[in-house]
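Got your viewer open and ready? Here's a short tour: select each stop as you reach it and have a look around.

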Amino acid sequence: MMKNIQLLICALLMALPGIMEAQIPHPRETFGHEVGADYKLADYDQMLEYYDKLAASTERVQMVEIGKSVMGRPIKLFFISSEKNMAQLERWREISEKLSRAEISEAEARQLAKEGKAIVWFDGGMHATERAHAQMTSELAWRVAAEESEEMQKIRENVITLIVPVMNPDGLDIVVDWYRKNLGTPFENTSPPILYQKYVGHDNNRDWFMNNMPETKAVTQVLYHEWYPQIVHNHHQTAPRWAMIFIPPFRSPVNQKIHPGVTTGVNLVGTAMANRFAMKKMPGAIATTGYSMFWNGGMRTAPYYHNQIGILTETAQPSPTPTEYDPERFPETVGGKASNGTEIFYPFPWKGGMLHFRSAVDYMLEASMAVLDLAADKKDEFLYNIYSMGRDAIEDRSGAFAYVIPKDQWNPSEAINLTNILMQGGIEAHRATAPFTVNGKTYEAGSIIFYGSQAFRPFLADLMEKQVYPDQFRYPGGPPMPPYDLAGWTLPLQMGVTVDRITDTFNASAEEITEKLVPEAGQVAGSGRYGYVFSNKDNLSAKAINRLQKAGYTVSLLKADDDNAKAGSVVVRSKRGLDDEVQKLSAELGLDFTRLAKAPAAPMEELNRVKVGIYKSWQANMDEGWTRWMLEQFEFDLDTLHNEQIQSGNLSQYSALIFPSQSGRGIMQGHSQGRMPEKFVGGIGEEGVKALDTYAKSGGTIIFFDASSDFAIEQFKLPVKNVLSGLKDTEFFIPGSLIRTDIDTSNPLAFGMMNQVAASFDNSGAFAVESGAQGIEEVARYASDDLLMSGWAMGEEKYLANTSAMLNVNYGGGNLVLFGFKPQFRGQPRGTYKLIFNSIYQGAKKNKINTKR
């Protein structure tokens with residue numbers, strides 16, 4: 001009898017893995033097809049249904065909502081581990097936080113590293129047209145939860161796996177809907193003609209230090225405030241052609257502020273991936289091509305500055321429609337590397353054939369498994385290393401002792417924004433509770449102090465200090481090798497915020513800031529019944545103007561200095577309810593208002609109701625999305641104008657039209673015939689140019705950013721030249737850097753500006769006005785010397801110095817405003833926003849000639 005019972009127990013134990021796998025539902029049961037099946041995509045509703053089933057089926061999985069997308073869709077996060085580990089999740093989170101923040105002793109850190117579990121993060125679905133990773137993550141979650149292999153049991157024992165299966169649910173549905181509608185047509189493999197994130201499209205992976213978007217905020221909160229993973233794996237799908245997957249190591253350069261333990265940790269993970277692919281006979285893994293470790297701002301790059309190992313993989317075959325690679329056309333090089341098996345970082349080439357969607361899923365799953373297996377084997381080491389790197393940052397005596405943001409700022413709201421951006425990224429901030437003095441300079445109470453001695457010092461220092469990008473060339477004497485994304489992004493320079501880097505130690509009475517900052521209430525002073533005046537120096541003055549106009553109040557701008565205010569200041573005439581409205585605005589926005597007993601002596605220009613039209617091409621344009629988002633933050637009344645709205649000529653209702661940066665060809669011609677469905681073919685054409693010409697000559701203002709200025713010069717035959725056109729990159733090269741720019745603050749378009757700013761210059765433009773041309777005002781000029789403020793520049797002294805950065809061109813009764821740079825780039829250069837606002841107000845002035853208004 002006892003022997004029979006023992007046999008029964010053994011039989012049950014042997015059957016248990018199969019029982020567990022059977023009770024945990026597979027995605028195919030909900031989707032109705034295998035993950036990665038040809039011509040099949042699950043949408044987000046199907047995925048949410050599956051997520052609920054998975055979480056309900058086993059104690060190995062917990063699911064939480066970490067935020068909403070920009071269009072209100074839930075963003076889900078899975079925690080997956082053994083049942084025993086899941087019962088102690090808070091303990092593993094607490095250990096991860098203590099080790100990451102590195103404010104404990106070495107002895108405690110070593111003990112916690114042995115006790116703790118490795119925290120490993122995966123995400124998918126950020127770039128929605130890279131369709132496979134959002135599909136794959138459901139199967140990854142199932143596999144980690146259900147598989148009963150020895151390897152997976154080890155992983156569940158030693159690792160807490162975090163998965164955000166879809167970081168961009170809005171984009172997922174936009175792309176899935178587009179693919180399904182166009183399946184079986186010539187447009188099956190096209191991308192939607194709209195941004196797949198409402199505002200920023202592909203730039204949702206360019207927002208990871210600014211955290212402008214709600215999706216980014218939600219994930220950043222988990223990474224740097226809650227779970228502090230040691231490894232972050234960000235899935236993508238832009239592999240070099242004829243390769244199956246790009247894996248680390250990355251190419252040079254590496255940012256000097258990144259701890260070498262991070263760089264070598266990235267290399268270690270990449271090597272584990274490469275070895276796994278080789279041993280599983282999965283060819284086509286390539287490394288050290290395309291992507292570097294210098295820029296801070298991507299999903300896998302921002303973690304570097306938090307001592308986390310950021311992994312990017314780029315897998316082939318982003319479409320469910322199979323692609324054939326003819327083996328007879330096998331290339332000699334792939335991603336710049338020999339394809340004959342002689343390259344160390346491409347030793348096992350893929351030779352071609354029919355590539356299916358499932359192939360992408362398989363490669364992503366195995367890349368993820370390589371990460372998990374390594375993390376399980378080396379969990380003590382990864383946990384202790386993140387502590388050790390944090391201690392190195394805390395104890396670093398070569399960096400700044402502190403960065404101080406003085407309370408007195410030109411644009412106080414942006415000093416608050418800078419503080420909040422750094423805090424969102426996990427940086428500890430303090431506020432002085434009493435005045436203090438350093439090196440003879442006294443700082444008021446309320447000044448912000450960021451002490452350098454903290455674990456995330458690399459993130460703080462990288463955002464606060466200038467970047468010096470190393471000169472890199474494709475070969476000696478050849479053209480420059482462009483950086484991956486940007487070369488310079490220093491936030492105080494972009495945002496127009498004064499920050500003092502202090503190396504000497506000092507004592508200050510200060511309290512830690514634990515909540516997001518908001519403006520301190522402004523003051524309402526003076527007496528009188530005429531109205532109020534307030535400065536336009538702070539960017540939030542634009543929000544105040546828009547609210548006052550919407551409430552029905554008369555708003556004017558001073559044309560010159562007055563006893564009570566500077567030129568550009570805003571005057572509001574008294575009317576019932578204005579006192580209460582001003583009190584609310586002052587309290588919320590931190591603006592100071594002064595009551596007026598009579599009209600200012602200086603001349604004023606009353607504004608018509610401000611309304612802006614933004615051109616939106618059917619070539620999805622991220623610069624358009626960023627422009628729209630930025631103006632919405634300041635509550636401008638906006639309309640989106642497609643080709644037909646421009647061509648209709650019904651434009652007189654707009655104070656200003658904005659053409660975000662886009663090529664002239666793109667604006668004029670758009671998508672060509674046969675490349676997209678008929679509705680989305682074409683640009684504004686000659687008919688649109690004629691309508692714009694009429695609008696401007698009748699008193700309207702049209703604003704052009706960066707590349708679209710070339711369109712304006714050509715189509716309106718302006719006596720202006722882009723002096724950088726046609727230059728080779730061996731002669732002139734400025735890739736994503738900050739350029740010193742002088743501002744003519746006497747020009748109405750520059751009222752309220754500082755006299756020098758950092759222009760966001762990314763292979764941008766510069767102007768020269770033809771000799772003898774009339775009616776053209778230079779608002780901004782690139783500096784005469786010392787142009788490079790942050791980043792990388794070649795040939796700037798010869799070709800850029802003393803050229804025009806912004807022009808205001810009188811055109812009939814209206815104006816064409818040309819920006820050589822992007823004054824709103826990715827929502828970062830807050831120091832140049834006011835140039836946009838003032839340009840818009842120019843078109844709203846009542847004395848403008850406009851026969852249609």
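One term before we set off: a residue is called buried when its relative accessible area is under 20%, and exposed when that area is over 50%. Also keep in mind that what you're looking at is a predicted model.

**Stop one: a stacked pair**

Select Phe659 and Phe711. Phe711 has a relative accessible area of 1%, so it is buried, and Phe659, also at 1%, counts as buried too. Now look at how the rings sit: their centres are 5.9 Å apart and their planes are at 20 degrees, so this pair is stacked. Phe659 belongs to strand E28 (residues 656–659), while Phe711 is in helix H23 (residues 707–715), so you're seeing a link between distant parts of the chain, 52 residues apart.

Keep those two selected and add Tyr615, Phe704, Phe716 and Tyr811: together with Phe659 and Phe711 they form one aromatic cluster.

**Stop two: an edge-to-face pair**

The model has 46 aromatic pairs, so there's no need to visit every one. Try Trp242 and Tyr325 next. How are these two rings arranged? With centres 5.3 Å apart and planes at 80 degrees, the pair is edge-to-face. Again the partners come from distant parts of the chain, 83 residues apart: Trp242 is in the loop between strand E5 (231–236) and strand E6 (245–246), and Tyr325 is in strand E9 (residues 323–325). Are they buried or exposed? Trp242, at 8% relative accessibility, counts as buried, and Tyr325, at 10%, is buried as well.

**Stop three: backbone oddities**

Stay with Trp242 and switch to the backbone. Most residues other than glycine have a negative phi, and most peptide bonds are trans. Trp242 has a positive phi, near 75 degrees. Asn211 is another non-glycine residue with a positive phi, of about 55 degrees. You'll find Asn211 in the loop between helix H9 (169–182) and helix H10 (214–226), and at 3% relative accessibility it counts as buried.

Now go to the loop between E6 and helix H11 (260–279), where Pro249 sits. The peptide bond from Pro248 to Pro249 is cis, with omega near 5 degrees. Pro253 is in the loop between E6 and H11 too, and the bond leading into it from Ser252 is also cis, with omega near 5 degrees.

**Stop four: two helices side by side**

Select helix H3 (residues 44–57) and helix H7 (residues 132–146). Their axes come within 11 Å and cross at roughly 10 degrees, so H3 and H7 are roughly parallel to each other. To see the contact, show Met47, Tyr50, Tyr51 and Leu54 on H3, then Ala134, Gln135, Ser138, Ala141 and Trp142 on H7. What kinds of residues meet there? The contact has 7 nonpolar residues, 2 polar and no charged.

**Last stop: the cores**

In soluble globular proteins, nonpolar side chains tend to be buried together. Here, the largest nonpolar core has 158 residues, and Trp121 and Phe450 touch the most other members. Helix H12 (residues 357–377) supplies the largest share of this core, 14 residues. Another core, of 69 residues, lies apart from it; Phe534, Leu589, Ile739 and Leu800 are among its members.

To finish, zoom in on Trp121. Beyond its neighbours within four places in sequence, its contacts include Leu77, Leu162, Val219, Pro229, His233 and Met299.

Key. Residues numbered from 1 in each chain as written. Predicted model: local features only at pLDDT ≥ 70, side-chain atom pairs only at ≥ 80, totals over all residues. Heavy atoms only, no water. Core = buried A, V, L, I, M, F, W, Y, C linked by side-chain atoms within 4.5 Å. Buried < 20%, exposed > 50% of the residue type's maximum accessible area, 1.4 Å probe, protein only. Helix = DSSP H or I, 4+ residues; strand = E, 2+ residues; numbered from the N terminus. Contact = heavy atoms within 4.5 Å. Axes fitted to C-alpha atoms, helices over the stretch in contact; angles between N-to-C directions. Parallel < 35°, antiparallel > 145°, perpendicular 65-115°, else oblique. Nonpolar A, V, L, I, M, F, W, Y, C, P; charged D, E, K, R; others polar. Phe/Tyr/Trp six-rings, centres within 6.5 Å; stacked < 30°, edge-to-face > 60°.
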